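Colleague: Could you take me closely through one part of this model, the second chain, starting from a residue with an unusual backbone angle and working outwards to its surroundings?

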Amino acid sequence: MTAIEPGPAEARELVRAADIQFQDLDKQAQAVRFGIWVFLASELLLFAGLFALYTAYRTEYPAGFAEAIRHAELAIGTINTSLLIVSSFTAASALRAIRSGARRAALGWLGATLVLGIVFLALKGVEYSRHAAEGALPGVYYAFRELPGHGAQLFFTLYYFMTGLHVLHLAAAVLVLAWLTSRVSRRKTTAAYHADLEAGVLYWHLVDCIWIFLYPLFYLLT
Amino acid sequence: MTSYLDDNRGIMSWLATRDHKRIAIMFLIATAGALLLGGVFALVLRIELLVPGKLFLSAMDYNRMFTHHGVVMVFLFMVPVIPTVFGNFFLPIMLGAPDLAFPRLNLASFYVYVTGAIIVIAAMWFGGLDTGWTFYAPYSTTSPTAVATGTFGVFVVGVSSILTGVNFIATVHTMRARDMGWTKLPLFVWSIYATAIIQVIATPVLGLSLLLVAVDHAWALGIFDPAMGGDPVLFQHLFWFYSHPAVYIMILPAMGVVSEVVCTFSHNPPASYRAIAISSLGIAFVGFLTWGHHMFVAGMSTFDVGAFGFLSMFTAIFSAIKVFTWTSTLRHGAVRVTTPMLYFFGFMFLFVFGGMTGVALATSSLDIHWHDTYFVVAHFHFIMVGGTLTMYLAALHYWFPKMFGRMYPRRWSIVAATAVVLGFIFTFTPQFLLGNAGMPRRYWSYPPEYQWLHILSTAGASILAMGLALNLAYLVWAVFRGPRAERNPWGSRSYEWLAPTPPPPHNFDEPLVIRRGPYDYHLPE
C-alpha cells in the first residue's frame, strides 16, 4: 500500500464536488455502482438469448457440433482465454492501486490490461482469417469441404456471431478503459472518487466472464 | 424562483439540456410525432379496407402500410411513451430528488431514441418494410424490402429503452428523499420501477433477435432458414420472450397513471396500496413466463400449450387485483368526474373487455379458431393500445397544469375524450366480429359479406382521429395561451404537487421533507 502524499494534486482532489443531483460523493458512487450492475444484468441477457440458440441447435445437431469443435483453433482459443483471465487480474489491481492513491501503479496496471485486450483482438483476427481460408464462413458463404453438414454450418454461423458480438464488446471495453486511463492520468479519477473506474473494471470483468462461457462452447465440448 | 421553462432560453438550452423535465418535454414532442405518423398509417389502412380489393393501395403497399403502422406505434410510441415522458418528468419529483441519477445518460437516451427512429423511418422511405411488426423469419430474412435497416433501427431504439431503464432503477434505489421508504412511494413510481425491470431484462433479447434478423437479411446467414438447417420457430421464441413482456412495458406505466388519477379524483387512498404495488411486480414476473401463447399453432407440445395457457391466465389474476382495488377505491371515495377520469372510465371498459378476451385466447381450443384473425387484432388493440393510449391522454390532462403551469379548456377536453373513447370502441368492436366470422388479419382483400363491418370500423377510426386531432389542437394552444394553473389544482396529496408550478430547474426550492404519505387524504395538505 502506498501512502497518500499530500501534494497540490491531492489537495485538488479533495475538493471535487458531487454532481448537482447528489447530496455527496458517496451517494454518487453508490448510484454509479448500482447502475452499472443493472446494466451488466442487461448485457448478460443479450448473450443469454444466444446461449439459448446455441443449446437449441446443439441439441438438434450434436454430431455436427462436436465435429466442428474438433476443427477449432484450440491453441489460439486457450492463449486468448489466459490473456483475458490475466487482464481481469490486472484490471482489478488497477482499481486496488487507485483506492490506495497509487496513481502511477494504477496507470501501469491499466496499460497492461489494455495491451492484453488488444493482443486478444489481434489473435482473434488471426483465428478468423485461418477459418476463412478453409472456407469455414457463416451462412451461405460456408464452403468447408471437410464438414459439409448443416450442423457444422450452423456451428460456424453461431461461432462468428457470438464471438463477433464478444469482440465488439471487448473493443468497447478497450475504448472505455482507455478513456478511464486518461482520466486517471489527468487526476479526474482519484482515491477520493473512482466509481467510474470501478464501473469500467466491472464491465471488463463481464466481458471476460462471457468469454469464459464461450471458450468451452466453441473449443472444448466435443 | 424561475421555472424550468424560463430558466434558459434558446434552442440549444433545450437540445443540450440535462434537466429531466426538458428531456421529458422533448420526448413528448418526439413520441407525439410518432403517434401522428402511426395514426396516419392507420387511417390509410382503414380507408383502403372500405372496399374489397383495391381502392388506392396495391397489395404490396398495403403490406408496407400495416407494417409501418405497427412498427411506429409499438416501438416508437407505445413502448417508450409513458416512461420517457411522464416517468422522466415525475419520477425524480415524486422521489424528492433534483434530477435522475444520470442526467447525461438521460439526454443520451433521447438522442439514441431519435437516431433509432430516424433509421426506422429511413427504412420506410427507402424500400419500406412488409413483414409485419413481428419480423417473423424466414420471410423477414428474405423479404425484398429494407428489413436490415428497419430492424437495426428498432435495435437502436431498444438501446435507448435499456439506458432509460437503468437510469430509472438506479434513481429509485439511490435518490429517494430522506425518510421516503418503499411503502411511501407514489404508486406511479412502483409501476415505472416494475416497467424498468422488464425493460432492462427483456429488451436485450429482442435487440438480439432483431440483430440476428438484420445480419441475416444483410449477409444471408440463414440462422433461422430451414434450407441451411435453421429453425424459424426459434426466432418466434426469442422474439416473444421480449415482445410479450413488452406488452406489460406498455400497460404497467398506464396502470401507474390509473392509480394516481383514481386516488386523486376520488380523494381517497387506494383500497390497498400493497395489492397494487405487489401486483405490478407480479405482472412483471409472470409476464416473462407466458410468451409461448403466441405459438399455440406453430408446433408445440400439448403440455407446453397447457402450461403457457395456464400461466397466461395467471397474469389476469394480478390485473384483476388491480381492477378491483381501483373500483373499491372509487366506491369509498368522493368521486369528481374530470377529463382524466373520463379517460379512466374508457380505460376500464377497454382493459376489462380486452383482458377477458385475452383469457379466452389463452384457451388453446379457442385460440386455434381465432389465431391470426381480426379477433386478435381487436383484442390487443383494446387491452394494449386502448389501455396505453387512454392513460397516456389521462396523464397528459392530469399533469398538464404541473408540467406547463397552464390549464387547458375543459369543455373541449371533454368533447375530445368522449370522441377518443367512443371512436376507439367503435373502431375495434366490429373487428372482434370480423375475426370471429373468420376474417384473417393482414389481408388486403376480403369477401363482400365482411364489408359492412369494415365500413363501421373505418367510421369509428375517423371519430378517433378527430378526437386525437382536437386534443392536439387545444393542448398546443393551452401550452402558450391557457389560463395560469395553481400549484395543486386537483387537491392531490402526491408529492409532485408540492413542487412549485411549473417546477424550478432542480424541482424544489428547498429539500423535500416527507411528513405524510402520498395518499394521506385524512391529513390536511
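**A close look at chain B**

Modeller: B:Ala220 counts as partly exposed because it has 16 C-beta neighbours inside 10 Å; a residue is buried if 20 or more other C-beta atoms lie within 10 Å of its own, exposed if 12 or fewer, and partly exposed in between, with C-beta atoms placed from the backbone. This is a predicted model, in which local features need pLDDT of at least 70 and side-chain atom pairs count only at pLDDT 80 or more, while totals for chains, interfaces and linings use all residues. Residues are numbered from 1 along each chain as its sequence is written, and chains are lettered from A and ligands numbered from 1 in the order in which they are written. Chain B averages a pLDDT of 94, with 100% of the residues scoring at least 70, pLDDT being the predictor's confidence in each residue, from 0 to 100. For the complex, the predictor gives an ipTM of 0.91 and a pTM of 0.94.

The backbone angle you asked about is phi, which at B:Ala220 is near 50 degrees, a positive value in a residue other than glycine. Most residues other than glycine have a negative phi, and most peptide bonds are trans. B:Ala220 sits in the loop between H8 and H9 of chain B; helices (H or I, at least four residues) and strands (E, at least two) are DSSP runs, numbered from the N terminus. A positive phi, of about 60 degrees, is also found at B:Asp372, which is not a glycine and lies in the loop between helix H13 (364-370) and helix H14 (374-404) of chain B. Cis peptide bonds join B:Ala137 to B:Pro138, where omega is about 0 degrees, and B:Thr501 to B:Pro502, where omega is near -20 degrees.

On one side of that first loop is H8, a helix that takes part in the interface. There, 31 residues of chain B are in contact with 28 residues of chain A, contact meaning that the C-beta atoms of two residues, placed from the backbone, lie within 7 Å. On the chain B side, two or more residues come from each of helix H7 (147-174), helix H8 (187-219) and helix H9 (232-265), and H8(B) gives the most, with nine residues. That side of chain B divides into 22 nonpolar, eight polar and one charged residue, where Ala, Val, Leu, Ile, Met, Phe, Trp, Tyr, Cys and Pro count as nonpolar, Asp, Glu, Lys and Arg as charged, and the others, Gly among them, as polar. Within helix H8 of chain B lies B:Pro204, which is buried because 25 other C-beta atoms lie within 10 Å. Leaving aside neighbours within four places in sequence, B:Pro204 is in contact with A:Ser42, A:Glu43, A:Leu45, A:Leu46 and B:Ile162.

On the other side of the loop, H9(B) packs with helix H10 (residues 273-286) of chain B at an angle of about 175 degrees, with the axes 11 Å apart; axes are lines fitted to C-alpha atoms, for helices over the stretch in contact, and angles run from 0 to 180 degrees between N-to-C directions. H9(B) and H10(B) are therefore roughly antiparallel to each other, since angles over 145 degrees count as roughly antiparallel, under 35 as roughly parallel, 65 to 115 as roughly perpendicular and the rest as oblique. In this pair, B:Tyr248, B:Leu252, B:Met255 and B:Ser259 of H9(B) meet B:Ile276, B:Ser280, B:Ile283 and B:Ala284 of H10(B), and the residues of this contact divide into six nonpolar, two polar and no charged.
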